[in-house]
Amino acid sequence: MIKVSIIIPYYMKNRFQGRMSKGHSPIGRSYLSDCLMSVCDQNRGDLEVILIEDGASEDISEVIEEFRARLNIRTLRIAHAGTAAARNAGLDAAQGEYVYFLDADDYLKEGTIGRLLDAENAAMPDLIYGSKERTWFKRLSYLEECRMRERTPEPDDFTEPSAYLVRRSASVLNILIRREFLQKNGIRFDESLVLYSDMPFTAALLANAKHTACDYDAVYVKRIHNDEVQYPSLDQAVRKDRTEQYVRAYRSAKEAAAGDEVLCRALDSGLGSYVLKAYTGRLHDRGKVVFGADEFALLREAMGAADMAAFRELPRMRRNVLKAVREGNNRKAQRIGNIVVSLKKRRELVKDSKLFFRIIDRYLFQKLPIKENLVFFESFFGNSYSDSPKYIYRYLQEHSGAEYQYVWVMKNKKNRIPGNPVVVKPFSLSYFYYLARAKYWVINIRLPKWIEKKKGHVFLQTWHGTPLKKLVFDMEDVHLASSKSSYKMIFYQETRNWDYLISANPFSTDAFESAFLYDREKILEIGYPRNDCLKAPDRDEHALAIKQKLGLPLDKKLILYAPTWRDDEYFEAGRYKFDLKLNLAQMRERLGGEYAVLLRTHYLIAQNLRLDGLEGFAYNVSEYDDISELYLVSDLCITDYSSVFFDYANLRRPILFYVYDLEKYRDVLRGFYIDIEKEVPGPLLYTTDEVIEAIEKLEDVNESYKERYDRFYERFCSLDDGHAAERAVKAVFGK
Ligand code: C2G
């Protein structure tokens, strides 16, 4: 006998048709896999899955086939008509004693259905509900995270179904609903609602249910979409009819509630939140609600029927917004709403010292004409004079020196840059001034989203590495310290400002196209200017001079250890932690006679690693400007997932991969573009011992990786011939 029919509507479509990220299977399919896997995890033989495929959706037959053997699964394909229609089709097909709605982009915690069923009692409840958690992450990461943390305690109103269920957005998710009860009361979804169809449905459930039961530990996991550009969720989608749909759903929910006091109040409180979002919140900011006279009239009418007692707990200003809407005074509502927003903004801005300069920039600098011969350079947030911007600058200086004026961003202004450019501190007044006036921007990292680029500016984005780790739109989950919700959207807007993007090889061109959703035509596939010095005829003399400048031993071989950063280990946005796992003391013991180590942390690492007791063996070169010069001085390189090895391979010197956290980094944090186990030009090592052994037997390592190295070199390094800066300058400056 089928106890529960799980109804899963599936509709996913990449809004960027034809520009599907290449790095992994389309997001919808991996969401669905997680969803179905979580149903398998329920470990019950009395479930049926009814999957309703929207006809306009991406093909998911492969995923379904994968699960056929493990799940009792039926599929229905319907015309594109929205979630309500799909769920009704599921209801018609269901055979279970209970029905249960699950969205294809969400998943269940282990044992959720079992727990809900355990709550069933002699009173034969019509509804049995559990709780919901929200996450940004795929199932495996979420489950891992659950093991590490305590759950938030049960809210006071959890056992009051009307109050609790409507407060959590009147959603039908995570409720076992007795099928007979639905049929007897003729409860179905209103198919004319594309958005908010849950609200009247849930209201009808609550108004008609005689008995309910619940279990807080039966958890439904709602996955928040991080890609509003390609895969916005219904909540994130921009829709003209949002308010009309909301008000209609609210009205019919009120009707269904049929005077049930708690239910009506919960619905009114939801209406209040919607109105406040429109006047003071994010929906308003991001244009998700189209908000004109028609919308106002609808909200006014709805508010007119609401019970003001539902808003008693709100702060006074917000209550006044609602009152003004109710009185039909839109201007007043907007005025108060704007005050609420500006107070909120002011609190944020007080903390932001750059604000004053930004205002001057907008009203003064932006109005000044662009200077045709001014070139603005920035590398790694002003941390260094380095990377491709440095080599492009040098080339320009040498070949067209007097024709241009140059500006460099440097955090430490004492750092001397050859050629005496103007040096500005990041986000200082002069930074804004020169950025606004310079025609050319040559930059290797992202700029803050509020930087204004005018017509006439030419932005050469050099980027900073051939990607091993997946980037932006190819990342399924975003684990960064910065905002997970807007990361992809902001990145997308930002990349629209890049007029040119440098790529070191055809592989990077493909990756950048999918990762940045960037137009191939604008990519300069010319090799990396930063690698010019690795192919320069005087590179050995140059290396010797650097060794002397840095006081490095001339009689030892030098090992460069240059790991990358971890997305989920941070103090705050832009300041990451690093846990040194390579045991340098042990290395000194066994290798100290022949070798010394240069430790180079990534530019996002905010910790200064101490090397006490390792003097004469380990040197911290993290502050040194240009890692390309460190490549030149070193005899071998150890890295992990950093793009460093793509560049280092230009020297054809040995590379070792110390990847103690490979599984987590690859499978949870980022994902890779290439198969690290098969394609990188050196061995993967997991302990300091293994690293030491590989160094002791370096000849053998070189021998066994020779062929792979050759293939790798051919694929990733063949454009780097020492003249990439020249090609960049010709393409952008026409020189
Ligand atoms: N880098 C460095 N020191 C390190 C690691 C990196 O100076 N210990 C520099 C190198 O020039 C490297 C660049 O920073 O190529 C980018 O570093 P990655 O470790 O690859 O990481 P990330 O900054 O996330 O960039 O397409 C490349 C990706 O964007 C990766």
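A polar contact is taken here as a pair of N or O atoms within 3.5 Å, and it is on this basis that the surroundings of the ligand are described in this predicted model. A backbone N or O atom of Gly465 lies 2.7 Å from an oxygen atom of the ligand, and a polar side-chain atom of Ser642 is likewise placed 2.7 Å from a ligand oxygen atom. A polar backbone atom of Arg600, in turn, is found 2.8 Å from a nitrogen atom of the ligand. Of the 600 Å² of accessible area that the ligand has on its own, 98% is covered by the protein.

The shell around the ligand comprises 22 residues, the closest of which are Gly465, Thr564, Tyr603, Ser642 and Ser643. By residue class, this shell divides into 10 nonpolar, eight polar and four charged residues. Both domain 3 (361-531) and domain 4 (535-716) contribute to the shell, with at least three residues drawn from each.

Turning to the secondary structure, helix α1 spans residues 27-40 and has 14 residues, and the distance from its first C-alpha to its last is 20 Å, close to the 20 Å expected at 1.5 Å a residue. Because 11 of its 14 residues are buried, α1 is largely enclosed by the rest of the structure, where burial denotes under 20% relative accessible area. The buried residues of α1 include Ile27, Tyr31, Leu32, Leu36 and Val39, together with Asp34, Ser30 and Ser38; Gly28, Cys35 and Cys40 are also among them.

How values were computed
Residues numbered from 1 in each chain as written. Predicted model: local features only at pLDDT ≥ 70, side-chain atom pairs only at ≥ 80, totals over all residues. Heavy atoms only, no water. Near = heavy atom within 4 Å. Polar contact = N/O pair within 3.5 Å; in protein donor to acceptor, adjacent residues only side chain to side chain. Areas by Shrake-Rupley, 256 points an atom, 1.4 Å probe, with all protein chains shown as cover. Nonpolar A, V, L, I, M, F, W, Y, C, P; charged D, E, K, R; others polar. Domains from an automatic or database assignment. Helix = DSSP H or I, 4+ residues; strand = E, 2+ residues; numbered from the N terminus. Expected span 1.5 Å × (residues − 1). Buried < 20%, exposed > 50% of the residue type's maximum accessible area, 1.4 Å probe, protein only.
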